[in-house]
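Colleague: I'd like a close look at one part of this protein rather than a tour of everything. Could you pick the helix I ask about below and follow it through its surroundings?

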Amino acid sequence: MKKKILGIVGGVGPLATMFIGEMIVRHTKAASDQEHLYSIISNNTSIPDRTTYILDRSNDNPVPVMISDAKKLASIGAELVIIPCNTAHTFYDELQKESPVPIIHMIRETIRRAADQGAKRVGILATTGTITSAVYQQACKEFGLKAVLPDEATQAKVMSLIYDNIKAGKKTDAAMWSEIDRYMKDQACDRVVLGCTELSIVKQEMDLEDFYLDSLLVLAETAIVACGYELV
């Protein structure tokens, strides 16, 4: 298989962008620099917030900026694109329509992985924008899985962790995470998807078990294989 150049529409958020870059390097089977995946990262932090736009709290549309970034990446050699932001996949069809190259569907691949692991009841931890757009719920329906969502109080805690901790450059609030963890496990989920790339940072900081399915890691591994490389 011919090796492909990977483009990353990043900045959504910036720490998650750097994290997936590291994931791709660490999970690619390579014995030298030259055997690693060729990637081009656009860490565009000016992309408007996806959740505030979805919830009609802002008129700043992130889609044209992401389309522009995908086109720029393709113009300098990217043959495949990933967007390390779950909420951005609310606009997947529009983004793919305008992108000159294929975009991997992060959410569909994550739920595919849950199904492959035998899950039936899948908890979804994500931004309120992602929950509202129902992209994970739809993916679960496609794969015959039951999507389990947090209640209002737990969702507020998830949003606080994402915006007040990780996006603000702070460490995970361990006590708050413990409350989220307890609630989701009480719902008899087989797996819980970390459906926000900032929650991937929480997984690393808290050393979470495999009960938590990391959408960012799924995206990294899918991209490695799709670009013609082997996983470690």
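Colleague: Take helix H10 (197–206). Which of its residues are buried, and which pocket and cavity linings does H10 supply residues to?

Modeller: Bear in mind that this is a predicted model. H10 is mostly covered, with seven of its 10 residues buried. Those seven are Thr 197, Glu 198, Leu 199, Ser 200, Ile 201, Val 202 and Lys 203. Just past the end of the helix, Asp 207 has a positive phi, at about 55 degrees.

Let's start with the nonpolar side of things. In soluble globular proteins, nonpolar side chains tend to be buried together. Here the largest nonpolar core has 39 residues, and the ones with the most contacts inside it are Leu 6, Ile 24, Ile 82, Leu 125 and Trp 177. H10 supplies at least two residues of this core, and so does each of strand E1 (6–10), H1, strand E3 (80–82), helix H8 (152–166), helix H9 (174–186), strand E6 (191–194) and helix H11 (215–226). A second core lies apart from that one, with 22 residues, among them Met 66, Ala 70, Val 81 and Val 101. For a feel of the packing in the main core, look at Leu 6: beyond its neighbours within four places in sequence, its contacts include Ile 24, Leu 37, Ile 40, Leu 80, Ile 82 and Ala 223.

Now the open side. The largest pocket holds about 190 Å³ of space. Helix H1 (14–27) and H10 each give at least two residues to its lining, though H1 gives the most, with five. Around the pocket you'll find Phe 19, Glu 22, Met 23, Arg 26, His 27, Ser 200, Lys 203, Gln 204, Asp 214 and Leu 217. Ser 200 and Lys 203 are worth a second glance, since both line this pocket and both are also on the buried list for H10. By type, the lining splits into three nonpolar, three polar and four charged residues.

H10 also turns up at an enclosed space. Searching the whole structure gives one cavity of 30 Å³ or more, and its volume is about 70 Å³. Its lining has 13 residues, and Arg 50, Cys 85, Thr 87, Thr 127 and Lys 167 lie nearest the centre. The elements giving two or more residues to that lining are helix H2 (50–54) and H10. Four of the lining residues are nonpolar, five polar and four charged.

Cys 85, by the way, leads to the cysteine just before H10. The sulfur of Cys 196 has its closest cysteine sulfur in Cys 85, but at 7.0 Å that is too far for a bond; a disulfide would need the two sulfurs within 2.5 Å. Cys 196 is buried too, at 4% relative accessibility. Cys 189 tells a similar story: its closest cysteine sulfur is in Cys 140, 10 Å away and too far for a bond, and Cys 189 counts as buried at 11% relative accessibility. Overall, the structure holds zero disulfides.

For contrast, the second largest pocket, at about 170 Å³, has a lining that includes His 89, Tyr 92, His 105, Arg 108, Gln 138 and Glu 142. The elements with two or more residues there are helix H4 (92–98) and helix H7 (135–142), and H7 has the largest share, four residues.

Conventions: Residues numbered from 1 in each chain as written. Predicted model: local features only at pLDDT ≥ 70, side-chain atom pairs only at ≥ 80, totals over all residues. Heavy atoms only, no water. 1 Å grid on protein atoms, 1.4 Å probe; cavity = no way out; pocket = protein on both sides within 12 Å on 5 of 7 lines; lining within 4 Å. Points joined across faces, edges and corners; volume = space filled by probe spheres on them. Nonpolar A, V, L, I, M, F, W, Y, C, P; charged D, E, K, R; others polar. Buried < 20%, exposed > 50% of the residue type's maximum accessible area, 1.4 Å probe, protein only. Core = buried A, V, L, I, M, F, W, Y, C linked by side-chain atoms within 4.5 Å. Contact = heavy atoms within 4.5 Å.
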